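Please go through the model below with attention to its metal site, its unusual backbone geometry and the packing of its helices.

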Amino acid sequence: MVRSGLTLTAALLLLLAAMALKGALITLPMPPAAATADRFDAHRAAARLARVLGDERAHPVDSAANDAVRGRLIAEMRAAGLEPRVSDDFACNGLARGRAVGCARVRNVVATIGPRQGRHLLLSAHYDGTFAGPGAADAGIGIATLLETANLLRGRELARPVTFLFNEGEEMGLIGARAFLERDPLASRVDSALNFEARGVTGPATMFETSQPNAPAVARFARSVDRPVANSLSTGLYRLIPNSTDVAVFEERDWTILNFAIIANETRYHSAGDDLAALDRRSLQHMGDQALALALDFAERPAPRASGELLYADLLGRQLVTLPLLPGLVLLGLLTTFFFVAAWRRRAIGRPLGAAAIAIFGSGGVAWAGQAILALFRDGDYWRGHPWVAELAVYGSVLTACLLALLVIAPGAGQRRMRTAFWLLFLAGGAAISVLAPGAAIYFLFPPIVAAAGILLGRRWPAAETASAIAAALLLFLSFAPALHLFEELMSSGPLWMFAPIGAVILLPALIELLPLIGRVPRMFVLAGAGDLFLLPWTAVALTPAYSVDRQQLFTIEYVWDSDERTGRWAVNNDGAPVPFAADWTRAELPHSLRKRWAAPAPAIPVDAPVVEVAARRPVEGGRRLTLRLRTNGAESVTLITPPDAALRAAGAPGFVRPFGPGGPDDRYAVRCVGRSCDGAVFDVVIGRADPVEFTVIGTRAGLPEAAAALVAARPALARPQYAPDTTLSVTRVKM
Ligand SMILES: [Zn+2]
């Protein structure tokens with residue numbers, strides 16, 4: 001008995017360790033040890049990027065700092081054997097997902113190599129950054145990838161032209177991509193595009209988005225890339241997060257498109273932490289290898305004969321498994337039917353199925369409870385510094401829920417019934433998810449095929465069922481765990497409990513294989529162990545520091561001057577943790593953002609506010625069109641915000657008036673201009689309402705008044721501005 005107890009303890013800890021280490025299942029390529037002439041070299045690429053970034057200062061669109069970056073980029077392109085040209089447009093773009101139109105003067109840098117004839121392959125990355133940091137990964141990784149790839153392609157005999165687009169203004173609304181599409185004569189000659197991005201500084205370069213239907217893009221990817229990290233579910237997941245990339249603009253055209261990004265360690269993204277030292281060279285190598293392989297495939301090989309929609313997923317970043325969508329869905333239906341019949345015959349539909357369902361959904365509840373208890377005495381994103389400890393607690397909670405479900409809901413159900421019940425539930429869940437995101441189906445086919453084969457063979461050789469069940473559980477782990485790891489990176493700000501049901505899907509089949517062992521250990525011992533698997537890791541989370549040098553707290557300080565009321569306020573945008581400052585700070589919503597901040601009264605330090613004048617008005621069908629002239633008065637960016645019911649239809653500079661995305665019913669409308677050229681710029685705004693609309697005019701400039709010195713000095717040591725730098729804002733309102 002003692003022996004069984006120890007064996008079970010070891011097995012459970014092993015499962016937990018496997019979950020903790022799952023990120024290591026995908027290994028990244030190392031940069032070549034010695035310089036090579038024909039292989040992508042991340043060290044050489046990073047050196048090119050280092051020369052482009054220079055002093056690594058923030059370089060937003062249409063700023064002096066970005067002029068300097070462009071100058072060095074052009075020099076670096078010439079050194080790589082390219083002949084760059086610069087286009088120059090004052091352009092605007094509306095984000096398809098939200099009610100925002102962004103405008104800026106953008107200067108795209110373009111160079112083409114290869115023959116004069118033929119359709120162009122476009123390689124694209126943006127060279128502007130945010131106001132908040134150097135952007136060495138975002139999108140420096142793209143700049144490095146393009147420069148090194150161009151240099152390697154230049155010496156080759158290409159069958160068609162390859163164009164490199166270093167675009168400006170992506171960060172402020174994909175403006176350079178829009179300008180290229182609308183104004184650059186080359187755009188009409190492009191038929192395929194590769195885009196390179198970052199939402200973190202490390203991890204694999206995942207291919208997370210393609211043109212639709214996806215087969216032409218995925219077939220090229222499958223045959224040319226050595227270490228694929230991609231799956232057909234990711235496009236669905238990508239829609240869950242608010243980010244978008246230049247591909248949101250390119251996808252309007254009938255191009256074959258592949259979009260790549262690194263997403264791990266979001267805590268450095270859009271902050272001073274996104275520097276060259278933090279950019280993982282293996283991530284750059286991974287991205288570069290894929291860029292070069294695909295560029296060669298596009299430039300030298302005929303298009304694969306592939307059409308329609310494919311299901312695809314990588315296996316451990318080594319092999320891309322693909323399957324046409326329709327047969328995949330049919331197979332999913334057949335497997336579901338098979339396991340329904342098997343579960344019916346084995347009388348597994350009742351309690352065993354209930355136990356499996358409670359294990360999976362209940363683990364979400366148990367993990368939620370863990371976080372709810374911690375929220376009583378920890379503030380903010382306390383798991384940010386060491387997320388793996390919190391993840392351990394989540395998967396400990398999963399084991400707790402699964403053990404309780406197995407012992408309490410379906411004691412004595414036996415392995416054969418629990419297996420059938422699990423796979424039936426797995427397939428039913430897979431079918432339901434595939435209705436929403438068909439690409440998910442790829443994850444629900446192969447493990448149950450192995451399990452089903454075991455059930456069929458088991459009629460003759462009983463041991464075959466057990467062997468297959470173990471193999472199916474292992475295959476499930478190997479296919480789900482790396483994808484779950486990327487999901488954790490994508491959703492790193494939580495809530496943590498949402499990883500639990502996926503963890504339960506991975507762990508439950510393993511626990512079912514442990515049932516004979518569990519049966520040999522006294523019930524009370526197992527229940528106590530289940531409790532420990534919850535208590536111990538959550539206690540560890542409670543004692544773990546919230547932030548680290550690498551993974552710091554988001555902490556942006558703002559001075560907000562209300563020009564109408566002549567009052568000033570300090571504000572702090574952070575993760576909600578209390579600010580370590582004296583005076584009475586309260587949570588408040590300020591005019592410039594819907595995100596709640598800490599706010600406190602501040603001395604009156606007048607800031608010159610931008611001025612918006614109506615230059616012309618005229619009626620248009622269904623409303624009216626205002627022509628506005630902007631004076632920035634020194635603001636680096638100006639945003640005009642209206643209430644959700646303002647019914648704005650479109651906005652932008654002449655020639656670039658763009659429609660607003662539908663957004664949600666409660667979304668405000670925002671028109672933003674960024675950069676030096678906003679001063680004196682003219683905008684049209686089309687309003688679907690006859691009565692006056694109140695515009696809140698926000699002017700921003702990086703930096704704080706001198707009176708903020710004490711606050712800046714008192715900022716916690718492991719905290720830094722993210723998404724925006726410390727900023728001075730002015731607020732005025734104008735009815736138009
Ligand atoms: Zn970016």
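The zinc ion is coordinated by His126 through NE2, by Asp138 through an OD atom and by Glu197 through two OE contacts, at 1.9 to 2.6 Å. Donors here are N, O and S atoms within 2.8 Å of the metal (3.2 Å for Na, K and Ca), and since water is not among the atoms, sites may look incomplete. This is a predicted model, in which local features need pLDDT of at least 70 and side-chain atom pairs count only at pLDDT 80 or more, while totals for chains, interfaces and linings use all residues. Residues are numbered from 1 along each chain as its sequence is written, and side-chain values use heavy atoms, with hydrogens and water left out.

The 4 donor atoms of the zinc ion subtend angles of 52 to 136 degrees, and the site is irregular. Four donors count as tetrahedral if all angles lie between 85 and 135 degrees; four count as square planar and six as octahedral if opposite donors are over 155 degrees apart and all others between 65 and 115; anything else is irregular. In sequence, the donor residues follow the spacing H-x11-D-x58-E. Asp138 sits in the loop between strand E5 (120-126) and H4, and Glu197 in strand E7 (residues 190-198), so the pair ties together parts that are 59 residues apart in sequence. Helices (H or I, at least four residues) and strands (E, at least two) are DSSP runs, numbered from the N terminus.

The loop between E5 and H4 also holds Ala139, and the peptide bond from Asp138 to Ala139 is cis, with omega near -5 degrees. Another cis peptide bond runs from Gln212 to Pro213, with omega near -10 degrees. Pro213 belongs to the loop between strand E8 (206-210) and helix H6 (215-224).

Helix H4 (residues 140-154) packs against helix H2 (residues 42-53): their axes come within 8 Å and cross at roughly 120 degrees. Axes are lines fitted to C-alpha atoms, for helices over the stretch in contact, and angles run from 0 to 180 degrees between N-to-C directions. H2 is therefore oblique to H4, given that angles under 35 degrees count as roughly parallel, over 145 as roughly antiparallel, 65 to 115 as roughly perpendicular and the rest as oblique. The contact (heavy atoms within 4.5 Å) includes Arg44, Arg48 and Leu49 of H2 and Ile143, Ala144 and Leu147 of H4.

H2 also packs with helix H3 (residues 64-79), at an angle of about 140 degrees and with the axes 7 Å apart. Arg48, Arg51, Val52 and Leu53 of H2 meet Val69, Arg72, Leu73 and Glu76 of H3. In the loop between H2 and H3 lies Glu56, which has a positive phi of about 55 degrees although it is not a glycine.

Further along the chain, helix H13 (residues 415-436) and helix H16 (residues 500-513) pack at about 165 degrees, with their axes 9 Å apart. That angle makes H13 roughly antiparallel to H16. The contact is made by Gln415, Met418, Arg419, Phe422 and Phe426 of H13 and by Val505, Leu508, Pro509, Ile512 and Glu513 of H16.
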